[in-house]
Amino acid sequence: MSNTKTLHPRNFHNNRYDFTTLIKSQDSLKEFVKPNKYGDLSIDFANPDVVIALNKALLSHFYGIKNWEIPKGYLCPPIPGRADYIHHIADLLALSNNGKIPKGKTIKGLDVGVGANCIYPIIGVSIYGWQFLGSDIEKVSIESVLNIINSNEILKENIKIKQQENPSNIFVNIINKDEKYDFTLCNPPFHKSLDEALAGNKRKVQNLTKQRNTKSALNFGGKNNELWCQGGEISFIKNMIKESLSFSKNCLWFTTLVSKKENIPVIYKVLKDVKTVEVKTIEMAHGQKISRIIAWTFLSKDEQKTWVKNRVN
């Protein structure tokens, strides 16, 4: 199985997985790697245990993360797609930085709903040297991320974690009034209910295995707040946009993933209602799946330049 050629040009995962090399980084992957019907080394991408072993190998080989564990039943993210989001954020930041991607600790990002896996901050720290705050409403996720951070020297000084005590809030009680963030990112829960999440997972497994699957288990993991919420993706994003208005001067770019194309017109309307200055839509295609990053700012071009100048100084 090869990765789609539509991944970001800087994405490490544009080519086929080199399983021989990855096994050297993560020995537990070895038992899962076998020749496929074409004689190429491959793995069962529908098996969550295998995907976790693959993730450990990828994180070790490409990102210098030697210790990565997530609690059983929690979301095991596909790293190539997550890396794409980070690379597109880097391009976004370059727009107001004379076309140059800003690197290092002066760049601060907020990962809304960091989950138990901490993937976005890990990639951002490893590749670009940025600093992150990760927020989440669930205590188990917070504890998991803290374990990951404390087990990897590269992460210790660069990622902080904060629990959102009120599930109705997104930025409130997370961003302090005197704090500045160059960007926020979010992979919102996009299902409206557990049943919808189970149905979506079933389709995913069928696509991977090309077989009918009647099981209703969440093969790729994911707890309530990771996969579904009241009103689904559109409700979550609408709330995020409305709340971002109160933090318009605290952040250069607010961003979120949008998985459902039919939600775009509603999102644009809400963005217009809160009087954003600039909105960008970045399309990402991973195999058959197409998703989008919606980015918005309340800062004018001059204010963006001032932001960058103040950050550098």
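This is a short chat about Gln-26 and the aromatic pairs in a predicted model.

Q: Before we start, what kind of model is this, and how are residues numbered?
A: It is a predicted model, where local features need pLDDT of at least 70, side-chain atom pairs count only at pLDDT 80 or more, and totals for chains, interfaces and linings use all residues. Residues are numbered from 1 along each chain as its sequence is written, and side-chain values use heavy atoms, with hydrogens and water left out.

Q: Okay, is Gln-26 buried or exposed?
A: Gln-26 counts as buried because its relative accessibility is 18% (buried is under 20% relative accessible area, exposed over 50%, partly exposed in between, with a 1.4 Å probe and protein chains only).

Q: And what does Gln-26 touch, not counting residues up to four places away in sequence?
A: Gln-26 touches Ala-53, Lys-56 and Ala-57 on that count (contact means heavy atoms within 4.5 Å).

Q: Switching to rings: how many aromatic pairs are found in the whole structure?
A: The search gives 14 (rings of Phe, Tyr and Trp, taking its six-membered ring, pair if their centres lie within 6.5 Å; planes under 30 degrees apart are stacked, over 60 edge-to-face, the rest tilted).

Q: Why is the pair of Trp-130 and Phe-132 tilted?
A: Their planes are at 40 degrees, so the pair is tilted, with the ring centres 6.5 Å apart. Both Trp-130 and Phe-132 are buried.

Q: How about Phe-132 and Phe-183, what sort of pair is that?
A: Phe-132 and Phe-183 pair edge-to-face, at 5.7 Å centre to centre and 75 degrees between the planes.

Q: Which residues form one aromatic cluster?
A: Phe-171, Phe-247, Phe-254, Trp-296 and Phe-298 do.
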